[in-house]
Amino acid sequence: MSALRKPAHSALDLIGATPVVELTRFDTGPCRLFVKLESANPGGSIKDRVALSMISAAEADGRLKPGGTIIEATAGNTGLGLAQVGLPKGYKVILIVPDKMSREKIAHLRALGTDVRITRSDVGKGHPAYYQDMAERLASELGAFYVNQFANPANPAAHETTTAPEIHAQLDGDVDAIVVGVGSGGTLSGIGRYFKRVSPKTEMVLADPSGSVLAPLVNTGELIEAGSWAVEGIGEDFVPPNCDLSLVSSAYTVTDAESFATARELLSKEGILAGSSSGTLLAAALKYCRAQTTPKRVVTLVCDTGAKYLSKVYDDSWLAEQGLADRPVRGNLSDLVIRRQQDGSTVTVAPDDTLATAYKRMRQADVSQLPVVAGGRLVGIIDESDLYAALGRGAVAGQARFGEAVGNHMITDLHTLQSIDPVSAALPLFERGEVALVLDGSDFLGVVTRVDLINHLRLHS
């Protein structure tokens, strides 16, 4: 009980002093592996530290005045930290975010009262839609404080003065390696500088998503052309000014599939719900540990909470849509069925469900039609036009019949296809504006839409 904190004056007082946990259910070779739970910060990520540091520095030197506006380019967590710190202080916060950001982060930002402006994630520095260029241009136009985490010295300073000393103290000064990622470079540079000074034996190890230019630059000395990756918050197509790669002793490239699988494994094995970048860090840390021949004490970070990625990392259907699920490719129509009835991921209704139930499920799943299934067999389909026909006239008269059974209004003249049919078999249905209802023998497998076909072509072109 003596270790419990006393009541804080504000959420800002809860930033930092995050716990460290040893992972005991992974194969870590001869090493001991620890994770620092930055997800325990009030905003749910390590970026609370840098947000507080950068806003405090701007207030101290006059760049940020009472009632001013904060503008930043962010993949999400820095923006959340800036909103977490800046909005209670009375500042307006405008964030430019790439469109690969998870919807949970965007919802969180907007709930805080942030002005979120979404831009493209498929363009590089110098393009007018590139998120950093947009933020800098907007700040100039509005006369606002452009945070610029990528070059702001208060970013690495936050880690040099808080994160690193905490790790050093929590591991009793005995740390052989620290595995970090690079988004803005602040974590690497801040922690690296501290440990270079107080513990020269400590190696800084870089975890980098496949497609980023940083790990190849460390390993080969060559700056390659950037690719793309789905992990949020780390990896870059350039070397940020705050990123001191000279501190790195070794670097590991980690694929999206490895990152997501490792994050999910962290939850299932250790009960720690972590974000996608934490999966990258942990995957690299495990590779480092297993490559050692002598015992070492290794630390990495849970950069943010996985609650921000439930619709991505922890959604089997999303992983399948991205081609990241472990599913065999059969070269037929079954490859296009993302949400499968056998997995319980297909949204359906039963014939005796009410129209109100059908409507709620359509809205919740953001679909316009629902298969009607009884005993595992497809017996019909109901779409929004069927609901309108059933309810429209009655609704106008104030007698909407939401309590009626789906079976009374569903379509039973079905055009079905078999899972072993070629993908081309669905084209006539799509041309008529229908969806493909796919069966595996007599059992219902799932629905394929035109969007599913487009996504399939994107992944296999």
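## Helix α3 and its surroundings

The buried residues of helix α3 pack against three elements: α2 (77-86), β4 (92-98) and β5 (115-119). This is a predicted model. Helix α3 covers residues 103-112, and its buried positions are Glu104, Lys105, Ile106 and Leu109. Two charged residue types, Glu104 and Lys105, are thus listed as buried alongside Ile106 and Leu109. An α-helix has 3.6 residues a turn, so residues three or four places apart point the same way. Just after α3, Gly113 has a positive phi of about 105°.

Ala83 belongs to helix α2. Ala83 counts as buried because its relative accessibility is 1%, and the cut-off for that class is under 20%. Beyond the residues within four places in sequence, Ala83 is in contact with Pro88, Val93, Leu109, Leu112 and Thr114. Of these contacts, Leu109 is also one of the buried residues of α3. Ala83 and Thr114 are 31 residues apart along the chain, yet their C-alpha atoms are separated by 6.6 Å.

## Overall build

The chain contains 14 helices and 15 strands. Its C-alpha trace spans about 75 × 55 × 55 Å along the principal axes. There are 461 residues, of which 52% are buried. Among contacts with a separation of 6 or more, 66% are between residues 24 or more positions apart.

The exposed area of the chain is about 20,600 Å², with 51% of it supplied by carbon and sulfur atoms. The chain carries 44 positive and 53 negative charges, and the mean positions of the two sets are 5 Å apart.

## Nonpolar cores

The largest nonpolar core consists of 61 residues, and Ile178 and Leu188 have the most contacts inside it. Helix α9 (residues 276-291) provides the largest share of this core, with eight residues. Another core lies apart from it and has 24 residues, including Leu82, Val85, Leu95 and Val147.

Leu188, in the larger set, can be followed through its contacts. With neighbours within four places in sequence left aside, Leu188 is in contact with Val180, Val182, Met204, Cys243, Asp244, Leu245, Leu247 and Val248. Asp244 is among these contacts, together with residues such as Met204 and Cys243.

## Gln132, a buried polar residue

Gln132 sits in helix α4, which runs over residues 131-142. Gln132 has a relative accessibility of 3% and therefore counts as buried. The side chains of Gln132 and Lys125 are joined by a polar contact of 3.3 Å.

Not counting residues up to four places away in sequence, Gln132 touches Ala73, Lys125, Tyr146, Phe150, Glu236 and Phe238. Lys125 thus appears both as a contact of Gln132 and as its partner in the polar contact.

## Thr255, a loop position

Thr255 lies in the loop between β9 (248-254) and α8 (256-270). The relative accessible area of Thr255 is 33%, so Thr255 is partly exposed; that class lies between the limits of 20% and 50%. Thr255 and Asn219 are 36 residues apart along the chain, and a distance of 16 Å separates their C-alpha atoms.

Notes:
Residues numbered from 1 in each chain as written. Predicted model: local features only at pLDDT ≥ 70, side-chain atom pairs only at ≥ 80, totals over all residues. Heavy atoms only, no water. Helix = DSSP H or I, 4+ residues; strand = E, 2+ residues; numbered from the N terminus. Buried < 20%, exposed > 50% of the residue type's maximum accessible area, 1.4 Å probe, protein only. Contact = heavy atoms within 4.5 Å. Areas by Shrake-Rupley, 256 points an atom, 1.4 Å probe, with all protein chains shown as cover. Lys, Arg positive; Asp, Glu negative; His and termini not counted. Charge placed at Lys NZ, Arg CZ, Asp CG, Glu CD. Core = buried A, V, L, I, M, F, W, Y, C linked by side-chain atoms within 4.5 Å. Polar contact = N/O pair within 3.5 Å; in protein donor to acceptor, adjacent residues only side chain to side chain.
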